[in-house]
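Student: I should like to examine one part of this protein closely, with the sequence and the model side by side. May I ask for a connected account once both are in view?

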Amino acid sequence: MKLKSLILRNFKGVRDLELRPDGQDVSILGKNGVGKTTIADAFTWLLFDKDSRNQKQFEIKTLDSSNQPIHGLEHEVEGTLLLDNGKQTTLRKVFSEKWTKKRGAPKAVFTGHTTDYYVDDVPAKKGEYVARVAEIADEGTFRLLTDPQYFNTHFHWEKRRALLLEVCGDISDEEVIASNTELSKLPEILGDRKLEDHKKVIAGRRQEINKQLQAIPTRIDEVNRYLPDVSGVNPEEIKQKISEIKTIKKDKEAQISRIENGGEKAEKTKELREIESQLLELKSKHRSQYDTKIQAKQEQLNQARERYNDSKSNIMINERSLINNKNSIEILQSRMDDLRNQWNKTNNEEFQFEQSDTCPTCGQELPADQVAEAREKAQAEFNRTKAVNLEKITASGKELKTQANELQTETTEIEKRIKDAKDQLEKEENIVLGFQDEIETLHQKAGQYAESEQYQRLENIKKAVEDDITSLKNGRKDEIDRIKNSITPLENDIRLLESRLKDVDDAKKGQERIKELQDQEKKLAEEFEKLEGELYLADQFIKAKVDLLDEKINSRFKHARFKLFRENINGGIEDCCETLYGGVPYGSNLNTGAKCLVGVDIINTLADYYGFYPPVFLDNAESVTEPVKTRGQLIRLVADPDEETLRVEYPESEKEQREAV
């Protein structure tokens, strides 16, 4: 579609202007304020009842030197369009005041405005006119393809991103994986899961592994603390020494036996041995009742100690999380307080209205309903602006409140977990103490074998037999006592050496437990490393998709570049859509000329996609220092301080320049 002619009469500040580009590129020159942008406003008002900034409410009427509307004028715009099918159509709109003279009134009074519509000079109803314009061009597409700033200033970034993906096409997962051989294993790793879901699974498992890895050193340290020191101890040498000492002890006992052997004495000795055997059997039977219980309780005690240490570790982790959450809540609360003060300040603003009751033109008193209508409009605008501001502040406050509530909920859950963990810790401590008491009680009971009636009866019998034997061997008592005294140190040595052997066995079991924990730690570390590898592949997939998508979309544009992903501080990647030129973001410090180049570049690509090439109005064209080419018609609006009135430069082929006033 091309603009063949555009005629303005009493439109904004332009009294009478005829622009006749005849479908060719033109440049409209003039200093600031003489009406260059008004031409673009007239064209968009003719089609869509809005100005070039997409505003429906704007002043169409011509103003006098006091900036008051001049009454009684008709405000008219007429445009002739050359359509893609080779035909042309003329659209015209006339905006005028409606004055009504009531019966008995000396003068007509202003009662509103009317707009008349014409299609190819044939009067039309508004609905018919709008339908005809819709046949020519969709408003959204037309705005996008005629205003170089529209894409970057009126579209939300999500909408810009969606449009770019629609125009240039998205990248499939298969294309991303094919672009990098490292990613070939990713489908097998993901299975039926989505990438983001798998990353969440990895995060949860990594947290669990970290928790276990933190607890293992504590458990190893606990085992080490209870390990007996057996450095320099040779078990085989100890066993050899025990055997040698027992042999010596046996020889001495045999020597005593030979001294004591005799008739009646032998019988008494035999009887004594039988009694001792019975006593030993009673003692062994009594102890066996408790040894199994003691062993079982000792195993339960070890397990309870592990659970106790796990609870302590869990409390420390949650307490650190609690401190972090409380600090975050304080920061959010401070920001909410600031918003609350801002909301109160805005809410307390009151409507101020100053309006003269006298017409500045004729000096007569203005109708009360006109003054009231002006006041109502001003108050409505004030209330709307105030409501919008309050709504924005409230939305921000709600968002912060939601974040604070989420943190508070999480904090409450953490506090509950800490309380539960402390309660559990107390229970585990009581369980440990209980098992220790039970084991001590069992040890005491195991040593109370001599308190049974049967055992005491046998002890009494044994004592009587021993007394008899003593009487029989009284004459050899001194020699036997000497030998027995030499046996006592041997028995002490045997007990000491056997104790050292038990230490060696306990140390061996402790080292086996440490090895088991170390193997578990190694296995967890290997699993953690595997998860790290999967996470790396997931990140590589996202980065590969970012690169492919950036390349695919940016290759469609000459000047414009688009940043479609943003890398966060934590390494994550989130969607965005930021237009760049030479690495400079459109919305920050990009100069006007570059914005024009980027805008026209975007229009050219989108116009190819839609197959629709309407006229492009390039405002601030003087800021562009290199040739700008569009697929369709280009109308340049050039600020020139030397041009007091509007001047139109037509193509050199027409060999003429016309001045528009």
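Student: How many residues lie between E1 and E2 in their hairpin, and which residue in the turn has a positive phi? Please continue from there to the sheet and the helices that lie across it.

Tutor: Please bear in mind that this is a predicted model. The hairpin formed by E1 and E2 has 2 residues between its strands, and Lys-12 in the turn has a positive phi of about 55°. Beside this turn, Phe-11 stands opposite Val-14 in E2. The two strands of the hairpin run antiparallel and are joined by 5 bridges.

Strand E1, residues 2-11, has a further partner in strand E4, residues 74-82; these two pair in the antiparallel sense over 7 bridges. One of the positions to find is Arg-9, whose bridge partner in E4 is Glu-76. In general, the strands of a sheet pair through backbone hydrogen bonds, either parallel or antiparallel.

The hairpin can now be placed in the whole sheet. The sheet is open and has 6 strands, in the order E2-E1-E4-E5-E6-E7, with antiparallel pairing. Strand E2 (14-19) and strand E7 (122-124) stand at the edges; each has a single partner strand, so one side of each is left without a neighbour in the sheet. From one strand to the next, the twist averages 20°.

Two helices lie across these strands. Helix H1, residues 36-48, lies across E1, E2, E4 and strand E5 (88-100), and runs at about 100° to E1. Helix H2, residues 126-136, lies across E4, E5, strand E6 (109-119) and E7, and its direction is at about 150° to E5.

Helix H2 deserves a closer look. Its residues Tyr-129, Val-133 and Ile-136 are buried. When the helix is seen down its axis, the buried residues of H2 fall within an arc of 55°, so they line one face of the helix. What do these residues pack against? The buried residues of H2 pack against H1, E4, E5, E6 and E7. On the face of H2 turned away from the buried side, one finds the exposed residues Gly-127, Ala-134 and Glu-135.

The domain division sets this region in the chain. The protein is divided into domain 1, residues 1-139, and domain 2, which joins residues 263-354 and 368-451. The C-alpha centres of domain 1 and domain 2 lie 72 Å apart.

Two later helices offer a comparison with residues far along the sequence. Thr-141 has its place in helix H3, residues 139-146. With a relative accessibility of 17%, Thr-141 counts as buried, because the cut-off for buried is under 20%. Apart from its neighbours within four places in sequence, Thr-141 is in contact with Tyr-610 and Phe-612.

Val-167 belongs to helix H5, residues 157-168. Its relative accessibility is 9%, and Val-167 therefore counts as buried. Val-167 and Tyr-609 are 442 residues apart in sequence, yet their C-alpha atoms are 6.4 Å apart in space. Not counting residues up to four places away in sequence, Val-167 touches Arg-556, Thr-605, Leu-606 and Tyr-609.

Finally, a word on confidence. The protein averages a pLDDT of 86, and 95% of the residues score at least 70. Over residues 653-661, however, pLDDT stays under 50; for this stretch the model has 20 contacts beyond four places in sequence.

Key:
Residues numbered from 1 in each chain as written. Predicted model: local features only at pLDDT ≥ 70, side-chain atom pairs only at ≥ 80, totals over all residues. Heavy atoms only, no water. Helix = DSSP H or I, 4+ residues; strand = E, 2+ residues; numbered from the N terminus. Buried < 20%, exposed > 50% of the residue type's maximum accessible area, 1.4 Å probe, protein only. Contact = heavy atoms within 4.5 Å. Pairing = 2+ DSSP bridges. Axes fitted to C-alpha atoms, helices over the stretch in contact; angles between N-to-C directions. Domains from an automatic or database assignment. Arc of directions from axis to C-beta. pLDDT = per-residue confidence, 0-100.
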